[in-house]
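Here is a short note for a colleague who has the model open. It takes up the charged pairs, then the nonpolar cores.

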Amino acid sequence: MATGKKQPMVAFKGIMKRFGKVVAVEKMDFEIEEGSLVTLLGPSGCGKTTLLRMVAGLEEPTEGDIFIKGKRINDTPIHKRNLGMIFQNYALFPHKTIFDNVAFGLKYRDVSSADIREKVKRALEMVRLPGVENRMPSQLSGGQQQRIAMARAIVIEPDVLLMDEPLSALDENLREEMRREVDNLQRLLGVTTIFVTHDQREALSMSDKILVMKAGRKQQEGNPESVYNEPSNHFVADFLGHSNFITGEVVDVSNGHVNVRIETGDVLFAENKGGFSKGDPVEMIVRAQRFDAFPREEFEPVEGMNHFEGRIKDRSYMGGEVSYFIELGADREIHIISMMRTRLYEIGEAVSVQVSPHHCHLIHME
Ligand SMILES: Nc1ncnc2c1ncn2[C@@H]1O[C@H](COP(=O)(O)OP(=O)(O)OP(=O)(O)O)[C@@H](O)[C@H]1O
Ligand SMILES: [Mg+2]
């Protein structure tokens, strides 16, 4: 049947992996578009590495099928899957030259030695380390070694590049630099990439699509903006970004908007994106950066915006931004992160807090 939909590069259908009693991956359906960079994001132990190892052929699925370019590969041996791999501890061979390290994956393929030299040269140019063929790994910095690992992975022109926390061993600055490097290289080559991380910033900044996982289950998939701005449940909202969770009840519904009475008794407006009805118990999710605080005496409410009163309970100054905890009454506090456009607020100071209904994201109470 012609659906007009492009065939995905990688597809998981009902994939499940059990280790004895532990279910590492639970009934996963997921597709990866050709040329895209997808991250598997989730806390330690949620099954990211297991999923990647099943693609690589290092682990056999207990149930379900994996397809690459439409072909089922469950029974295809590792060396016949055309994959590039970079793992966190996938160190270079210390006693081999950079040339031999990068050429490693080509040796078992039908490639002439002149072609091998040419391909290695090109791969080293790609990772911006031309001419280091004769050096030993120990003569390169950590970041440079990581680039050599990338050269080794791409030299075989893989269908899919698999990366398992490749940056986690690097220090923060180098990590940032390498993040951009991986991103640029991936786009330059257009190679379909599955990138595993538990770092939300890494996932948000690099991905075409993010798959958020928890305890072996898919929680949400989507592009970075949709996963961040429209989390489908409490876990996703909590895992990505600084979220406030405010419980309440829908008290009114009218053309595209809902009114929610929150714990403090205040009634806030939100957009009705989830088919909410009067009486529904809900959780309102608001990112800490979306609130604005004003000195109470200077505040002038803006039509169509939500606002309520509070008192500064705690603050921490972080240079460019300030983190405030604001007490609203009814034992309820919110966390806001302010860009410090004016002065610092004092502990105990009365403030008015404003937030746009657009930034009040509702989910059904779990
Ligand atoms: N070979 C194995 N034998 C038994 N249990 C395993 C094995 N490999 C993984 N597990 C279990 O499967 C679950 C998923 O592990 P996995 O390594 O895929 O998690 P992860 O998301 O990569 O975590 P991390 O972020 O810590 O690397 C965990 O509960 C883990 O203990
Ligand atoms: Mg892992």
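1. Lys-218 has a relative accessible area of 33% and is therefore partly exposed, since that class lies between the cut-offs of 20% and 50%. Please keep in mind that this is a predicted model.

2. The partner of Lys-218 is Glu-221: the two form a salt bridge, with the closest N and O atoms 2.7 Å apart. Glu-221 is also partly exposed, because its relative accessible area is 32%.

3. Salt bridges with shared partners also build a network, which joins Arg-175, Glu-176, Arg-179, Asp-199 and Glu-202. In total, the structure holds 28 salt bridges.

4. Which residue does Arg-147 meet in a salt bridge? The partner is Glu-181, at 3.6 Å from N to O. This pair links distant parts of the chain, with Arg-147 in helix 4, Glu-181 in helix 5, and the two positions 34 residues apart in numbering. Both side chains belong to residues that are classed as buried, Arg-147 and Glu-181.

5. Helix 5 also holds a salt bridge between the side chains of Arg-187 and Asp-183, at 2.9 Å from N to O. The two residues are four apart in helix 5, so about one helical turn separates them. Are these partners buried or partly exposed? Arg-187 counts as partly exposed because its relative accessibility is 43%. Asp-183, at 15%, counts as buried, because the limit for that class is under 20%.

6. Turning to the nonpolar residues, the largest core has 33 members, and Val-102, Leu-124 and Ile-148 touch the most other members. The elements that give two or more residues to this core are helix 2 (98-103), helix 3 (113-126), helix 4 (142-154), strand 7 (160-164) and helix 5 (172-189). Helix 4 gives the most, with six residues. As general background, nonpolar side chains in soluble globular proteins tend to be buried together.

7. What does Val-102 touch, leaving out residues up to four places away in sequence? Its contacts are Val-120, Ala-123, Leu-124, Ile-148, Ala-151, Arg-152 and Val-155. Leu-124 and Ile-148, which appear in this list, are named with Val-102 as touching the most other core members.

8. A second core, separate from the largest one, has 28 residues. Val-55, Ala-56, Ile-66 and Val-160 are among them.

Terms used. Residues are numbered from 1 along each chain as its sequence is written. Chains are lettered from A and ligands numbered from 1 in the order in which they are written. This is a predicted model: local features need pLDDT of at least 70, side-chain atom pairs count only at pLDDT 80 or more; totals for chains, interfaces and linings use all residues. Side-chain values use heavy atoms; hydrogens and water are left out. A nonpolar core is a set of buried Ala, Val, Leu, Ile, Met, Phe, Trp, Tyr and Cys residues joined through side-chain atoms within 4.5 Å. Buried means under 20% relative accessible area, exposed over 50%, partly exposed in between (1.4 Å probe, protein chains only). Contact means heavy atoms within 4.5 Å. A salt bridge is a side-chain nitrogen of Lys or Arg within 4 Å of a carboxyl oxygen of Asp or Glu.
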